[in-house]
Amino acid sequence: MPIELLHHFTIRCRDMERTKHFYRDVLGFEAGARPAFPFAGYWLYCGDQPAVHLVEHDDPDRKSTRLNSS
């Protein structure tokens, strides 16, 4: 079953091209128009809606953080 809606998630990634290809090839998203931000990235669309925003991870030594649900 294809994804029908996913809305405005930003993903910081170390390999934007590989991440973009995953969202395109596996999940069916398409790269589209993006504002002229002063940093690299992609906006991926689910249909005509911008759904996932990819930006480059700026600190490879920094470990990921998770929100604590408690």
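These legends walk through several close-up views of a predicted model.

The model is predicted, so local features are described only at pLDDT of at least 70 and side-chain atom pairs only at pLDDT 80 or more, while totals for chains, interfaces and linings use all residues. Residues are numbered from 1 along each chain as its sequence is written, and side-chain values use heavy atoms, with hydrogens and water left out.

**View 1. Four strands make up an open sheet.**
Reading across the sheet, the order is β1-β4-β3-β2, and the pairing is mixed. Strands here are DSSP runs of E with at least two residues, and helices are runs of H or I with at least four, both numbered from the N terminus. Two strands count as paired if DSSP finds at least two bridges between them. At the edges lie β1 (9-13) and β2 (30-32), each of which pairs on one side only. From one strand to the next, the twist averages 35°; axes are lines fitted to C-alpha atoms (for helices, over the stretch in contact), and angles run from 0 to 180 degrees between N-to-C directions.

**View 2. Strand β2 meets strand β3.**
Strands of a sheet pair through backbone hydrogen bonds, either parallel or antiparallel. Here β2 and β3 (residues 41-46) run antiparallel and are joined by three bridges. Look for Gly 32, which stands opposite Trp 43 in β3.

**View 3. Aromatic rings come in four pairs.**
Rings of Phe, Tyr and Trp (its six-membered ring) pair if their centres lie within 6.5 Å; planes under 30 degrees apart are stacked, over 60 edge-to-face, and the rest tilted. One of the pairs is Phe 22 with Tyr 23, whose centres are 5.3 Å apart and whose planes stand at 90°, so this pair is edge-to-face. Phe 37 and Phe 39 are stacked instead, with 5.3 Å centre to centre and 10° between the planes. Ring pairs also link Phe 22, Tyr 23 and Phe 29 into a cluster.

**View 4. The paired rings vary in how much of them is accessible.**
Buried means under 20% relative accessible area and exposed over 50%, with partly exposed in between (1.4 Å probe, protein chains only). Tyr 23 is buried at 15%, whereas its partner Phe 22 is partly exposed at 39%. In the stacked pair, Phe 37 is partly exposed at 37%, and Phe 39 is partly exposed at 42%.

**View 5. Lys 20 sits in helix α1 (residues 16-25).**
With 14% relative accessibility, Lys 20 counts as buried. Setting aside neighbours within four places in sequence, Lys 20 is in contact (heavy atoms within 4.5 Å) with Ala 31, Tyr 42, Leu 44 and Leu 54.
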